[in-house]
There are 2 protein chains.
Amino acid sequence: MRIVLDVMGGDHGAETIIEGARLALQSRASITQLFLVGRAEEIEAAIKHTGCRDPRVTIVPATEVLTMEDKPVEGLRRKKDCSILRAVEMLKEGLADAMISPGNTGGIVAASIIRLRPLPGVDRPGIATVIPGPKNEFVLLDSGASVECRPAHLLHFAIMGGIYSREILGYNNPRVGILSNGTEANKGTELTQEACKLCQMADLNFIGNVEGHDLFHDRVDVVVCDGFIGNIVLKTLESFAKGLGGWVKDEVSKNPKRMLGAMLVKNALRTIKRRIDPDRRGGAPLLGLNGTVFKAHGSASALAITNAIGECTKALQHRLNQMIESEVAKANEHIGNAPTANAKP
Amino acid sequence: MRIVLDVMGGDHGAETIIEGARLALQSRASITQLFLVGRAEEIEAAIKHTGCRDPRVTIVPATEVLTMEDKPVEGLRRKKDCSILRAVEMLKEGLADAMISPGNTGGIVAASIIRLRPLPGVDRPGIATVIPGPKNEFVLLDSGASVECRPAHLLHFAIMGGIYSREILGYNNPRVGILSNGTEANKGTELTQEACKLCQMADLNFIGNVEGHDLFHDRVDVVVCDGFIGNIVLKTLESFAKGLGGWVKDEVSKNPKRMLGAMLVKNALRTIKRRIDPDRRGGAPLLGLNGTVFKAHGSASALAITNAIGECTKALQHRLNQMIESEVAKANEHIGNAPTANAKP
C-alpha cells in the first residue's frame with residue numbers, strides 16, 4: 001500500500017507527524033511506500049530528529065500550508081502549492097492509494113471533492129467518526145464534512161456508515177438510526193423525516209429515529225446526521241470528557257484520603273480513558289470519495305498518526321469504496337422514483 | 001405566589017410529584033397557593049400517602065393525560081380535558097402565576113403558544129436548560145421547544161438566555177455565543193450566520209460563534225441554537241454522563257483494591273455528580289411566553305419537583321418576562337431594517 005501523509009497542518013508540528021510515520025513503518029510491512037508531503041526542509045529536519053530513515057519514505061515538496069484560519073475554497077485557490085492539494089493530487093494521479101491529513105477539515109473536504117470527485121451515486125462525502133460507549137462503539141456520520149444536507153445525503157451516510165461498522169468494526173448487522181429530537185416517527189426536521197423514509201426503503205437494518213439518550217446505551221451502531229450537527233455532537237462530547245477529566249482530578253486532589261483512593265482506582269480510570277481517547281483511532285475516514293482519505297485530529301499525537309495509518313490500511317484491505325459504490329447504486333435505484341430523494345428541505 | 005403543578009405525565013406517577021410539592025410547601029412560605037392538576041382520585045390517594053396536607057393546596061380535576069406518545073397538537077385537540085391544558089388555562093385566566101409540568105414537551109409548548117401566546121415581539125419560545133461545567137454554568141437554549149427556527153428566533157433566544165443567566169444565575173455580563181461547527185465567522189449554516197449578524201447588532205455581550213469544544217471550558221455563558229440541535233446536545237450529554245457513570249462503576253468493581261479506592265474517592269465523585277445532576281434544578285423555563293411555564297424532566301424525582309418549584313419562584317421574583325419583553329422590543333427596533341431578520345434560511 002502506498003500512503004501519502006500530509007505533514008503540515010497538525011498542531012504539534014512536522015516532527016510529531018513523522019514520528020507517527022516512523023512507528024507505523026516499523027510495525028506495518030504492508031506499507032510499500034510512504035510519501036511525506038510538506039515543506040522539504042522541515043521534513044528533512046524532522047526525519048533527522050526522529051530517525052525516520054526507511055527506504056519506503058519519499059519526500060514530496062509542497063511550499064504552502066492551508067492553515068485553520070484559511071477559508072477552504074478560497075484558500076485552495078490562493079495556495080496552489082499547499083500540502084493538502086499535493087497529497088490529493090498524488091491520489092488522483094494514481095501515485096498513492098490513500099492519504100491522511102491533520103489539516104483544515106474544510107480544505108481536505110473541498111480539495112477531495114474538487115480533485116477526486118465523490119464516488120458515482122454519492123453527492124457528498126461524510127466523515128465517519130467512531131465513538132466508544134460502555135458496551136458498543138458507534139459510528140457518527142457525517143461528523144463535519146457536509147454542513148447543509150439533503151435527504152439523499154443522509155441516506156448515503158447511512159449506507160456508508162453501515163458498511164464501515166460492518167467491515168471495520170465487525171458489527172454483523174449494524175443498527176442504523178437517524179439522530180433526531182425524539183424516537184417517535186413524528187419527531188425531527190423536514191430533512192430527517194424525509195431521510196427516514198428513504199432509509200426505510202434501503203437495504204439497511206434501519207431502526208428509525210434515535211435521540212441523544214440512545215447513544216451511550218448500546219441501542220444504535222450507526223448514528224446519521226448532517227455534518228453541522230455531527231460536528232457539534234462530536235466536539236461537545238470531547239469537551240465534556242476533557243472538562244470532566246480535569247474536574248475529577250481537581251476533586252480527588254483535595255485531600256490525602258482522596259489522593260490515595262485515586263491511586264487505587266487509577267487503572268480503572270485509565271482503561272476507560274484509553275477506550276475513549278481519540279488517539280486510539282487517530283483519524284476518521286472521509287467516506288464517499290473516489291479515493292481513500294483520512295482526516296487526523298488537528299492535535300494528533302505521534303501515536304494518533306500511527307493509528308490513523310493503521311485505520312487507513314484496514315480501509316484499503318476491505319475495499320470499502322467498491323462496496324460503497326455498489327450498495328449506494330442499489331439504494332439509489334430503489335429510491336429512484338421517490339420524489340423526496342433530492343428535495344431541498 | 002400561586003403555582004400550578006401538572007401532576008400527570010411524569011414517569012414516576014402522581015405520588016412522586018406530590019411528594020415534591022409537599023417538600024416545596026414546607027420550605028417556601030412565598031407560595032400562597034398550589035394547584036394540583038390531574039385525575040382527582042389519583043391526586044387524593046397521593047395526598048393521603050405523602051401526607052401533603054396543606055391549606056394552600058387545591059385539587060383541579062382534569063380527566064385526561066397527554067402521553068409521551070401523543071402528537072402534541074393533535075393530542076391537545078382530542079384531549080380537551082388533559083392536565084396540561086387545564087394548567088395552562090389557570091395561567092391564562094389569571095388564577096395562577098406560574099405552572100410546572102413534567103409531561104409531553106411538545107404538548108406543553110403547543111398548549112402554551114396556543115393559549116398563552118408568546119410575549120409581544122417574540123415569535124417562538126425557547127427552553128433554557130442550565131448545564132454545569134467545571135468552572136461555570138451555561139444556559140443552553142433552545143433545548144427543545146422550537147425545532148425549525150429563523151434567524152430572529154435565535155436572536156430572541158440569545159436575549160432571553162442572557163437575561164436568565166444574569167438574573168437567575170448571577171452572571172454579570174454573560175458571554176453569549178451561537179453554537180456552530182467552528183468559531184471562525186465563515187463557519188455555520190445560513191441560519192446561524194444570519195443570526196450572528198443580528199446578534200452583533202443587539203445589546204448583548206455577543207462573542208460570535210462557539211463550537212462544541214468551548215462548552216465545558218468556561219468560554220461561554222449562553223449557548224444559542226435551534227431546538228432540534230439543543231435537544232440533541234442536551235440528551236447526548238445526559239446519555240454520556242449516565243453511560244460513563246455506569247462504566248466507571250463496572251471498572252472499579254473489578255477487584256478489591258479498586259473497590260477500596262472507589263470508597264476513598266466517593267465524596268469527590270459525589271460532589272461532581274450532585275453538580276451535574278439534572279434534579280438539581282429540576283426543571284427548565286420555557287422563555288418567551290406570556291406566562292411563566294416550567295418543563296420538569298419526565299423522570300423527575302420528588303426532589304427535582306421541589307427544586308423546579310424553587311426555580312419557578314425565582315423566575316417570578318425576578319420578573320423575567322417584563323425584562324424579556326422590554327429587551328426584545330429594543331433589539332427588534334435595532335434590527336427593524338435588517339432584511340435578514342425574518343429570512344427563512
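Here are two short exercises on a predicted model, each with a worked solution.

**Exercise 1.** Work out in which order the 5 strands of the open sheet in chain B are arranged, and which strands sit at its edges.

*Solution.*
Step 1. Walk across the sheet from one side to the other: you meet the strands of chain B in the order S6-S7-S10-S8-S9. The pairing along the way is mixed.
Step 2. Now look for strands that pair on one side only. In chain B these are S6 (129–132) and S9 (206–210), which makes them the edge strands.
Step 3. Check the twist as you go: from one strand to the next, it averages 30°.
Step 4. Zoom in on one pair. S8 (residues 176–179) and S10 (residues 222–224) of chain B run in the parallel sense, joined over 3 bridges. Here you can spot Val176(B) standing opposite Val222(B) of S10(B).
Step 5. Finally, add a helix. H7 (residues 190–201) of chain B lies across S8 and S9 of that chain, and its direction makes an angle of about 170° with S8(B).

**Exercise 2.** Find what kind of axis relates chain A to chain B.

*Solution.*
Step 1. Lay chain A on chain B: a turn of 180° with a shift of 0.0 Å along the axis does it, and the RMSD is 0.0 Å.
Step 2. Name the relation: because of that turn and shift, you're looking at a two-fold axis.
Step 3. Locate the axis from chain A: Gly261(A) has the chain's nearest C-alpha, 1.9 Å away from the axis.
Step 4. Compare the contact residues: 100% of those in chain A recur in chain B, so the same surface serves both copies.

Technical notes
Residues numbered from 1 in each chain as written. Chains lettered and ligands numbered in written order. Predicted model: local features only at pLDDT ≥ 70, side-chain atom pairs only at ≥ 80, totals over all residues. Pairing = 2+ DSSP bridges. Helix = DSSP H or I, 4+ residues; strand = E, 2+ residues; numbered from the N terminus. Axes fitted to C-alpha atoms, helices over the stretch in contact; angles between N-to-C directions. Contact = placed C-beta atoms within 7 Å. Least-squares fit on C-alpha atoms with pLDDT ≥ 70 in both.
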